[in-house]
Amino acid sequence: MVLLGRVFLGRGHGSRRFFSYGTKILYQNNEAFQSKFFLPLQKAMLLPNSFQGKVAFLTGGGTGLGKGMTALLSSLGAQCVIASRKIDVLKATAEQISSQTGNKVHAIQCDVRNPEMVQNTVSELIKVAGHPDIVINNAAGNFISPTEKLSPNAWKTITDIVLNGTAYVTLEIGKQLIKAQKGAAFLAITTVYAESGSGFVVPSASAKAGVEAMSKSLAAEWGKYGLRFNVIQSGPIKTKGAFSRLDPTGTFEKEMIARIPCGRLGTVEELANLAAFLCSDYASWINGAAIRFDGGEQVFISGEFNSLRKVTKEQWDVIEGLIRKTKGS
């Protein structure tokens with residue numbers, strides 16, 4: 001995932017454009033020609049008040065994708081509770097979104113790596129807002145590094161946040177929901193390389209793969225309690241926190257766009273809309289799914305002959321002639 005610039009909630013109703021300028025800055029440079037066919041919509045997909053009376057809990061809710069999802073859910077009527085380590089950032093986000101949507105956003109400081117702190121956070125969540133209808137595990141940590149340079153502490157830092165943190169939140173809230181006999185939708189934000197693996201981000205790839213396995217496993221086991229679990233495998237979405245660690249010099253952005261068939265990066269608004277749908281009652285029969293959200297990047301880099309798109313029409317004519325002259329096996 002990629003970050004650039006800040007995200008602000010726009011004025012007016014969520015069914016219109018719910019960010020004041022969204023990620024428009026992304027489209028000034030490095031666009032491929034075909035991106036004009038895949039312009040991102042900057043408005044809410046679901047109907048107004050789709051989440052009226054619902055409670056949503058999001059980790060990593062103060063910035064980036066978490067802030068975007070919180071903004072949309074709040075604009076559609078949800079009472080949101082956001083958690084992360086930086087309480088000052090959380091409070092600023094909560095106040096900003098609350099003032100612009102008219103729906104209360106609560107901020108609770110929580111380090112998801114600490115199971116006792118998670119337990120206290122869940123207790124506070126239930127106290128201030130009630131048992132959640134929506135749980136989005138978005139908190140993450142990542143950085144690029146040759147794997148041979150990783151220390152045990154570096155490995156532990158990433159896996160503690162991504163895998164263990166998601167597990168602590170999911171299990172604690174899940175147990176409380178089962179006890180209360182209340183259903184809910186869980187969503188985890190992972191990445192396309194959780195499925196394929198990737199060098200230079202091995203701790204993240206390993207931890208995200210674990211999150212996906214846990215989500216699919218609980219989808220099978222806990223459906224009987226009214227709980228469903230889905231995953232968004234996100235491709236590159238430019239956000240400040242993520243790209244400052246994954247592409248600090250900006251060197252790889254152009255190369256990244258070149259391998260995305262849709263010709264552009266994704267936007268926070270698009271992911272927020274997908275997340276809202278998956279957590280809504282419209283998606284009540286979607287359980288145990290991992291939705292790839294990457295503009296076609298994964299299928300492009302997986303296809304052995306996809307680089308042939310660089311071949312010109314004239315070159316194809318020559319190639320066709322050579323193929324026709326070939327005889328035998």
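Let me start with one residue, Thr 166: leaving out residues up to four places away in sequence, Thr 166 touches Asn 137, Ile 161, Val 211 and Met 214. Before I go on, please keep in mind that this is a predicted model.

So where does Thr 166 sit? It belongs to helix α4. Thr 166 has a relative accessible area of 6%, and because buried means under 20%, Thr 166 is buried. Its side chain also has a polar partner: one of the polar atoms there lies 2.6 Å from the backbone oxygen of Val 162.

Let's stay on α4 for a moment, since Gly 174 is found in that helix too. Gly 174 comes out at 0% relative accessibility, so it counts as buried. Which residues does Gly 174 touch, not counting those up to four places away in sequence? They are Phe 186, Trp 222 and Leu 227. Take the pair Gly 174 and Leu 227: they are 53 residues apart in sequence, yet their C-alpha atoms are 8.0 Å apart in space.

Now let me step back to the whole chain. We have 11 helices and 7 strands in the protein chain. Of its 329 residues, 49% count as buried. If you take the contacts between residues at least 6 apart in sequence, 76% of them join residues at least 24 apart. As for the outside, the chain exposes about 16,400 Å², with carbon and sulfur atoms supplying 55% of that.

On to the inside. How many residues does the largest nonpolar core have? The answer is 33, and the ones with the most contacts inside this core are Phe 51, Met 69, Leu 73, Ile 136, Leu 187, Ile 189 and Ile 232. Several elements each supply at least two residues of this core: β1, α1, β2, α2, β4, β5 and α9. The biggest giver is α9, with 7 residues. Apart from this core lies another one, of 26 residues, and Ala 139, Val 169, Met 214 and Trp 222 are among them. You may remember Met 214 as one of the residues touched by Thr 166, and Trp 222 as one touched by Gly 174.

Back in the largest core, let me pick out Met 69. Setting aside neighbours within four places in sequence, Met 69 is in contact with Leu 58, Ile 136, Asn 138, Ile 189, Leu 271, Ala 272 and Ala 275.

Next, a helix with two sides: α3, residues 115-128. Its 14 residues, at 1.5 Å a residue, should span 20 Å, and the end C-alpha atoms are indeed 20 Å apart, which agrees. Which residues of α3 are buried? Val 118, Thr 121, Val 122 and Leu 125. These cover an arc of only 100 degrees around the axis, so they sit on the same side of α3. The face turned away from that buried side carries the exposed residues Glu 116 and Lys 127. And what do the buried residues of α3 pack against? Their partners are β1, β2, β3 and α4.

The ends of α3 deserve a look as well. At the N-terminal end, Asn 114 acts as a cap, with a side-chain oxygen 3.0 Å from the backbone nitrogen of Glu 116. Just after the helix, Gly 130 takes a positive phi of about 100 degrees.

Speaking of positive phi, two residues other than glycine have it as well. One is Asn 49, with phi near 65 degrees, in the segment before β1. Asn 49 counts as partly exposed because its relative accessibility is 47%. The other is Gln 181, with phi near 55 degrees, in the loop between α4 and β5. At 75% relative accessibility, Gln 181 counts as exposed.

Is another glutamine, Gln 233, buried or exposed? At 2% relative accessibility, Gln 233 counts as buried. Gln 233 is found in strand β6, and its contacts, leaving aside neighbours within four places in sequence, include Thr 190, Glu 195, Glu 212, Arg 292 and Phe 293.

Last stop: helix α11, residues 313-325. By the rule of 1.5 Å a residue, its 13 residues should span 18 Å, and the end C-alpha atoms are 19 Å apart, which agrees. How many of those 13 residues are buried? The count is 0, so α11 is hardly covered.

How values were computed:
Residues numbered from 1 in each chain as written. Predicted model: local features only at pLDDT ≥ 70, side-chain atom pairs only at ≥ 80, totals over all residues. Heavy atoms only, no water. Core = buried A, V, L, I, M, F, W, Y, C linked by side-chain atoms within 4.5 Å. Buried < 20%, exposed > 50% of the residue type's maximum accessible area, 1.4 Å probe, protein only. Helix = DSSP H or I, 4+ residues; strand = E, 2+ residues; numbered from the N terminus. Contact = heavy atoms within 4.5 Å. Expected span 1.5 Å × (residues − 1). Arc of directions from axis to C-beta. Polar contact = N/O pair within 3.5 Å; in protein donor to acceptor, adjacent residues only side chain to side chain. Areas by Shrake-Rupley, 256 points an atom, 1.4 Å probe, with all protein chains shown as cover.
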